[in-house]
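Student: I'd like a close look at one part of this protein, the sheet and what surrounds it. Could you walk me through it strand by strand?

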Amino acid sequence: MIIEYKGTTLYYNQIGIGESVVLLHGFLESSGMWECLIPIISKNHQVVCIDLLGHGQTGCLGYIHTMEQMAEAVEAVLRHLKVEQATFIGHSMGGYVALALAELFPDRVNGLCLMNSTALDDSPEKKTNRDRAIQAIKQNHKTFIRLSIANLFRPKNRKIYSNDIQKIIKEALQFPVQGMIAALEGMKIRKKRVQLFRNASYKKMIIIGRKDPALHYETLIEQTKESDIEIVEFPDGHMSYIENKEENTYKILHFIEK
């Protein structure tokens with residue numbers, strides 16, 4: 001399904017009946033990443049998957065896509081569908097978008113799960129790496145995509161899940177270069193939202209890969225202190241929905257039905 005939004009198009013998929021669950025993908029991914037989870041969740045819930053700005057079948061708005069702009073686009077889809085409240089599951093960048101939405105539209109949220117994501121802002125080192133990534137995309141976006149996606153997996157898993165890696169790469173190669181750059185620019189300037197995540201009264205969960213190449217384990221644990229955030233740990237990398245598929249599915253379903 002597609003809706004018009006600020007001169008571009010937003011793509012979404014809506015399946016099932018019941019309380020709403022919104023699934024938000026990460027950088028260089030699309031709503032298609034949830035294909036294994038959707039049939040399970042949609043048995044008892046309405047599932048809404050959205051392609052974020054510059055990804056999948058959704059267009060671009062500008063040179064920078066802030067997490068707030070992405071959150072507003074998600075909210076536009078929810079308004080269109082007359083969804084008042086939902087549980088949000090965000091993978092990586094999708095978690096940043098979910099946090100921005102929780103700040104902008106707190107009444108929309110009855111649960112928030114950060115999957116291989118963080119409520120912290122970018123460190124100076126990470127911001128430098130984002131700038132390097134932007135330059136790499138401008139020089140050769142195909143090489144950047146191939147290397148970036150493979151490097152999100154735990155090293156020993158890159159061979160095991162090579163078919164999954166190739167599938168993600170193939171899709172990401174279709175995304176507009178502008179969309180990739182705009183997302184990196186937006187992630188680079190995002191706000192720290194640890195207090196929001198810690199103190200919110202709705203149910204909260206964080207899924208952590210102990211060998212996540214993109215996020216530091218200690219900083220992920222630190223942001224859960226003195227809170228009722230449920231912590232789920234897996235032994236692998238940044239792609240828990242592939243590397244720890246069965247356990248990840250079970251934990252998400254249990255969280256939704258809490």
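Tutor: Here is a walk through the sheet, one of its strands in particular, and then some helix packing.

Keep in mind that this is a predicted model. The sheet is an open one with 8 strands in the order 1-2-4-3-5-6-7-8, and its pairing is mixed. Strand 1 (2-5) and strand 8 (230-234) are the edge strands, each pairing on one side only. From one strand to the next, the twist averages 20°.

Let's zoom in on strand 4, which sits between strands 2 and 3 in that order. On one side, strand 4 pairs with strand 2 (residues 8-15) in the antiparallel sense, over 4 bridges. If you want a spot to click on, Gln 14 is opposite Val 48 of strand 4. Strand 3 (residues 20-24) also pairs with strand 4, but in the parallel sense and over 5 bridges. There, Leu 23 has Cys 49 as its bridge partner.

So how covered is this strand? 5 of the 5 residues of strand 4 are buried, so the strand is largely enclosed by the rest of the structure. In a regular strand, side chains alternate between the two faces of the sheet. Here both faces are covered: Gln 46, Val 48 and Ile 50 are buried on one side, and Val 47 and Cys 49 are buried on the other.

Follow the chain out of strand 4 (46-50) and you get to a loop that leads to helix 2 (67-81), with Thr 58 in that loop. Thr 58 is buried because its relative accessible area is 3%, under the 20% cut-off. Setting aside residues up to four places away in sequence, Thr 58 touches Thr 9, Leu 10, Tyr 11, Asp 51, Leu 52 and Leu 53. Thr 9, Leu 10 and Tyr 11 fall within the residue range 8-15 of strand 2.

Moving on along the sheet, strand 3 runs parallel to strand 5 (residues 86-91), joined by 5 bridges. Ser 20 stands opposite Ala 86 of strand 5 in this pairing.

Next comes strand 6 (residues 109-115), where you'll find Leu 114. Leu 114 has 0% relative accessibility, so it counts as buried. Beyond its neighbours within four places in sequence, Leu 114 is in contact with Gly 90, Gly 95, Leu 99, Ala 119, Phe 197, Met 205, Ile 206 and Ile 207. As for a residue much further along, Asp 212 is 98 residues from Leu 114 in the chain, with 14 Å between their C-alpha atoms.

Now for the helices. The axes of helix 2 and helix 3 (residues 93-104) come within 8 Å and cross at roughly 75°. That makes helix 2 roughly perpendicular to helix 3. Among the residues making this contact are Met 67, Met 70 and Val 74 of helix 2, along with Tyr 96, Val 97 and Leu 101 of helix 3. By class, the contact has 10 nonpolar, no polar and 3 charged residues.

Helix 4 (residues 124-150) and helix 7 (residues 177-188) pack at about 170°, their axes 10 Å apart. That makes helix 4 roughly antiparallel to helix 7. Helix 4 brings residues including Ile 134, Ile 137 and His 141, and these meet residues of helix 7 including Ile 181 and Leu 184. The class count for the contact of helix 4 with helix 7 is 9 nonpolar, 1 polar and 6 charged residues.

How values were computed: Residues numbered from 1 in each chain as written. Predicted model: local features only at pLDDT ≥ 70, side-chain atom pairs only at ≥ 80, totals over all residues. Heavy atoms only, no water. Helix = DSSP H or I, 4+ residues; strand = E, 2+ residues; numbered from the N terminus. Buried < 20%, exposed > 50% of the residue type's maximum accessible area, 1.4 Å probe, protein only. Contact = heavy atoms within 4.5 Å. Pairing = 2+ DSSP bridges. Axes fitted to C-alpha atoms, helices over the stretch in contact; angles between N-to-C directions. Parallel < 35°, antiparallel > 145°, perpendicular 65-115°, else oblique. Nonpolar A, V, L, I, M, F, W, Y, C, P; charged D, E, K, R; others polar.
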